[in-house]
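Hello,

Here is the structure I promised to pass on to you. Please have a look at it first, and then read my notes below.

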Amino acid sequence: MFFKDTITIYRHSTENGADVYERQVLSGFYCYSATTHAISNKGFESVSEFTAISSPGMAQIYGDEWTVRVGDIIIGGEGDNISTLKELSDYHKVYHVALNACGSAVDNIVVKGK
C-alpha cells in the first residue's frame, strides 16, 4: 500500500509572549476533504472537513518521529514556516486523532480537522 500525500502539522505555543508555530511536514498519507452545507439559525453554513490517514509505516513511527494532537493545525501539502495563522489560506483545526496500530500490515492513524 502506497500513500503519496503530504501533510503539514502546526503546533502552536508561546515563547516570551510571542506566537510560535512548530512545523512537521510528513509524507505517507492518504488525504481527502469534504464540504457539507446545512441550514441553521444563522442561515446557510458550509463546513469543510479534512481527513488524513497514515500509511502503516507512518503509524509505526508515530510518537517517536512525529505526533499530532487535538488542537493542532493541519493542511494538505507542504506548508511553509509561519508566525501567524493568517499566513495560511486554508487550514483545519484537528478535532480527532485515532491510533489504529497493533503491529499489523494495516496499521494507521486517522486525523480529522474542521
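What follows is a short tour of the packing, the charged pair and the aromatic rings.

Please keep in mind throughout that this is a predicted model.

Let me start with the nonpolar packing. The largest nonpolar core has 15 residues. Those with the most contacts inside it are Ile7, Ile9, Leu26, Phe29, Ala52, Trp66 and Ile74. At least two residues of this core come from each of β1 (5–15), β2, β3 (43–54), α1 (56–60) and β6 (108–113). Strand β2 gives the most, with three residues. There is also a second, separate core of six residues, and Tyr10, Ile73, Ile82 and Leu88 are among them. As background, nonpolar side chains tend to be buried together in soluble globular proteins.

Ala52 is a good place to centre your view. Leaving out residues up to four places away in sequence, Ala52 touches Ile7, Phe29, Tyr30, Cys31, Ile74, Ile109, Val110 and Val111.

From there you can move on to Tyr30, which lies in strand β2 (residues 18–40). Is Tyr30 buried or exposed? Neither label fits: its relative accessibility is 43%, so Tyr30 counts as partly exposed. Beyond its neighbours within four places in sequence, Tyr30 is in contact with Phe3, Asp5, Thr51, Ala52 and Ile53. If you would like a distance to check on screen, Tyr30 and Gly103 are 20 Å apart from C-alpha to C-alpha, with their positions 73 residues apart in sequence.

Now to the charges. The count comes to one salt bridge, and that bridge is formed by Arg11 with Asp72. Their closest N and O atoms are 2.7 Å apart, and the two side chains are also joined by a polar contact of 2.7 Å. In general, side chains of opposite charge can pair when their charged atoms come close. This pair links distant parts of the chain, as Arg11 is in strand β1 and Asp72 is in the loop between α1 and β4 (73–76), 61 residues apart. Both Arg11 and Asp72 are buried. For Asp72 the relative accessibility is 4%, which is why it counts as buried. Setting aside residues up to four places away in sequence, Asp72 touches Ile9, Tyr10, Arg11, His92, Lys93 and Val94.

The aromatic rings deserve a look too. The structure holds four aromatic pairs. One of them is Tyr30 with Tyr32, a tilted pair with 5.8 Å centre to centre and 45° between the planes. Tyr32 is partly exposed, at a relative accessible area of 38%. Another pair is Tyr62 with Trp66: the ring centres are 4.8 Å apart and the planes are at 75°, so this pair is edge-to-face. Within that pair, Tyr62 counts as partly exposed at 24% relative accessibility, whereas Trp66 is buried with a relative accessible area of 2%. Ring pairs also link Phe3, Tyr30 and Tyr32 into a cluster.

One last item concerns a lysine and a ring. The charged end of Lys114 sits over the ring of Tyr95, 5.4 Å from the ring centre.

If you only have a few minutes, I would suggest looking at Ala52 and the residues it touches, then at the salt bridge between Arg11 and Asp72, and then at the cluster of Phe3, Tyr30 and Tyr32.

Enjoy, and write back whenever it suits you.

Best wishes

Key. Residues are numbered from 1 along each chain as its sequence is written. This is a predicted model: local features need pLDDT of at least 70, side-chain atom pairs count only at pLDDT 80 or more; totals for chains, interfaces and linings use all residues. Side-chain values use heavy atoms; hydrogens and water are left out. Helices (H or I, at least four residues) and strands (E, at least two) are DSSP runs, numbered from the N terminus. Buried means under 20% relative accessible area, exposed over 50%, partly exposed in between (1.4 Å probe, protein chains only). Contact means heavy atoms within 4.5 Å. A nonpolar core is a set of buried Ala, Val, Leu, Ile, Met, Phe, Trp, Tyr and Cys residues joined through side-chain atoms within 4.5 Å. A salt bridge is a side-chain nitrogen of Lys or Arg within 4 Å of a carboxyl oxygen of Asp or Glu. A polar contact is a pair of N or O atoms within 3.5 Å; within protein, one must be able to donate a hydrogen and the other to accept it, and residues adjacent in sequence count only if both atoms are side-chain atoms. Rings of Phe, Tyr and Trp (its six-membered ring) pair if their centres lie within 6.5 Å; planes under 30 degrees apart count as stacked, over 60 as edge-to-face and the rest as tilted. A charge sits over a ring if NZ of Lys or CZ of Arg is within 6 Å of the ring centre and within 35 degrees of the ring normal.
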